[in-house]
Structures are given as C-alpha cells and as structure tokens.
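Here is a short report for a reader meeting this structure for the first time. Please look over the chain before reading on.

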Amino acid sequence: MFHKNIKLILAGLITFWAIYQFSQANIMNGISILLLAGIFVLFYFKNEFILLAFLQLRKQNFEGTKKWLGYIKNPEAALITKQQGYFNYLHGIMLSQTNITQSEKFLRKAVKLGLSMDHDLAMAKLQLAGIAMTKRRKREATNLMAEAKKLDKHGMLKEQMQMMKQQMKKI
C-alpha cells in the first residue's frame with residue numbers, strides 16, 4: 001500500500017516523462033503516458049482497495065470486503081480525508097452485523113470525517129439511528145432519523161425509515 005503522496009509524486013514523474021516524449025515528437029507515446037499519470041491521480045482521490053471493497057459489498061460478499069479493507073494498514077497515511085470516511089463507513093457496515101458498539105464507533109468517525117455522497121451519509125446516520133434505538137436512546141435516534149431524511153433527497157431509504165419509525169413506536 002502506497003502512501004497517498006507517493007501516488008502524486010509518481011504522477012508528476014510520469015508527466016515529466018510524457019513531456020519528454022512530446023519534445024521528441026512522439027505524440028502518441030506522450031498521450032498514452034499522460035493517461036497512465038491520470039490513473040495515479042485517480043487512485044489518489046479514489047483508493048483502489050476501497051473501490052474493490054465496495055464492489056464486494058455490492059455482491060453481499062462480506063468476507064471479500066473485509067479482505068480488501070485489510071490491505072489498508074494505515075488509513076491516515078494512505079487515504080485522503082473523504083476516503084478515510086468511507087474506510088470507516090465500510091467497517092461500520094461490516095460490524096453492524098456482529099458488534100454494534102464497534103460499528104457505532106466506526107460510523108460516528110465516518111460521519112465526522114465526511115462522506116462524498118449525501119445518500120451514503122444518510123445511510124450512515126440511519127445506521128446510527130438504528131444503533132441508538134437498540135440502546136434505548138430514542139431522542140438521539142429521532143434526531144439522526146430527521147438528519148437522514150433531509151439527506152435522502154431521492155427517497156432511496158424511505159422504506160427503511162418507515163420501518164424504523166414503526167419500531168420506535170414500540171419503545
């Protein structure tokens with residue numbers, strides 16, 4: 001796992017190589033090499049292991065997700081802030097099946113670090129509301145559900161929110 005700044009340094013070096021190719025009148029080589037530099041810039045902003053973990057999570061393969069997340073040993077050094085949020089978000093979702101306390105810790109850290117997509121943030125807050133509800137903290141769960149409802153602009157989590165409201169009435 002590369003440090004996040006190494007990816008930018010490699011992109012810079014490859015860009016200088018592309019400029020050299022342009023100066024030698026090798027235009028197609030220069031363009032191809034610039035595309036290679038673009039891959040390193042892309043992986044700076046979108047970590048490759050997190051992308052693969054999301055792919056495994058989409059397939060409901062939790063072991064595969066855990067394997068890909070395991071390759072990131074030091075998230076503070078290897079990931080930018082938003083990607084650290086997604087790293088914690090994925091860990092929180094994975095642990096919500098087994099360890100609610102750890103899941104809450106990871107999801108709170110993900111919300112604090114921030115997530116790029118509003119629906120991901122809404123899902124994290126909805127998960128936190130569910131955890132608060134299981135721990136009998138109704139006021140906190142209600143506040144988190146309201147925040148999640150504001151963030152869910154496309155209504156993707158509408159059914160889950162209705163189910164949670166029904167469950168909250170029983171508390």
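In which helix is the place of asparagine 143? Asparagine 143 sits in helix H9, which covers residues 138–151. The model is predicted. Asparagine 143 is partly exposed, because its relative accessibility is 46%. Its C-alpha atom is separated by 8.0 Å from that of alanine 129. Those two residues are 14 places apart along the chain.

**The nonpolar core**

The largest nonpolar core holds 36 residues. Ile50, Tyr89, Leu126 and Met145 touch the most other members. Several elements give two or more residues to this core: H3, H4, H6, H7, H8, H9 and helix H10 (158–169). H8 gives the largest share, with 9 residues.

Leucine 126 shows what such packing looks like. Leaving aside residues up to four places away in sequence, leucine 126 touches Met145, Ala148, Leu157, Gln160, Met161 and Met164. Met145 is also among the core members that touch the most others.

**Helix H6**

Helix H6 runs over residues 81–95 and has 15 residues. From its first C-alpha to its last, H6 reaches 21 Å. That is close to the 21 Å expected at 1.5 Å a residue.

How many of the residues of H6 are buried? The count is 11 of 15, so H6 is mostly covered, as buried means under 20% relative accessible area. Among the buried residues are Gln83, Gln84, Tyr86, Phe87 and Asn88. Tyr89, Leu90, Ile93 and Met94 are buried too. So are two glycines, Gly85 and Gly92.

The buried residues of H6 pack against several helices. These are H2 (27–45), H3 (48–58), H4 (62–70), H5 (75–78), H7 (100–113) and H8 (118–134).

**A nonpolar patch on the surface**

Not every nonpolar side chain is hidden. Ile9, Leu13, Phe16 and Ile19 form a nonpolar patch on the surface. Together they have about 450 Å² of accessible area. Isoleucine 9 lies in helix H1, residues 4–23. Isoleucine 19 lies in H1 as well. Isoleucine 9 counts as exposed because its relative accessibility is 53%. Isoleucine 19 is partly exposed, at 47%.

Why can residues spaced along a helix share a side? An α-helix has 3.6 residues a turn, so residues three or four places apart point the same way.

Isoleucine 19 also has a neighbor to note. Isoleucine 19 and glycine 30 are 11 residues apart in sequence, yet their C-alpha atoms are 6.6 Å apart in space.

**Salt bridges**

Side chains of opposite charge can pair when their charged atoms come close. This model has 9 salt bridges. The table gives three of them.

| Pair | N to O distance | Relative accessible area |
|---|---|---|
| Glutamate 48 and lysine 7 | 3.3 Å | Glutamate 48: 18%; lysine 7: 3% |
| Arginine 108 and glutamate 104 | 3.1 Å | Arginine 108: 34%; glutamate 104: 10% |
| Lysine 153 and aspartate 118 | 2.8 Å | Lysine 153: 61%; aspartate 118: 33% |

Take the pair of glutamate 48 and lysine 7, which meet in a salt bridge. Glutamate 48 lies in helix H3 and lysine 7 in helix H1, so the pair ties together parts that are 41 residues apart in sequence. Glutamate 48 is buried. Lysine 7 is buried as well.

Arginine 108 and glutamate 104 form a salt bridge inside one helix, H7. They are 4 residues apart, about one turn of the helix. Arginine 108 is partly exposed, whereas glutamate 104 is buried. Both belong to a network of salt bridges that also links Lys135, Arg137 and Glu140.

Lysine 153 forms a salt bridge with aspartate 118. This pair links distant parts of the chain, 35 residues apart. Lysine 153 is in the loop between H9 and H10, and aspartate 118 is in helix H8. Lysine 153 is exposed, while aspartate 118 is partly exposed.

**Two loop residues with positive phi**

Which residue in the loop between H1 and H2 has a positive phi? Alanine 25 does, with phi near 70°, though it is a residue other than glycine. Alanine 25 is exposed, with a relative accessible area of 60%.

Arginine 136 lies in the loop between H8 and H9. Its phi is positive too, about 65°, although it is not a glycine. Arginine 136 counts as exposed because its relative accessibility is 62%.

Methods. Residues numbered from 1 in each chain as written. Predicted model: local features only at pLDDT ≥ 70, side-chain atom pairs only at ≥ 80, totals over all residues. Heavy atoms only, no water. Patch = residues over 30% accessible without salt bridge, like charges linked within 9 Å, V, L, I, M, F, W, Y side chains within 5 Å. Areas by Shrake-Rupley, 256 points an atom, 1.4 Å probe, with all protein chains shown as cover. Salt bridge = Lys/Arg side-chain N within 4 Å of Asp/Glu carboxyl O. Buried < 20%, exposed > 50% of the residue type's maximum accessible area, 1.4 Å probe, protein only. Expected span 1.5 Å × (residues − 1). Contact = heavy atoms within 4.5 Å. Core = buried A, V, L, I, M, F, W, Y, C linked by side-chain atoms within 4.5 Å.
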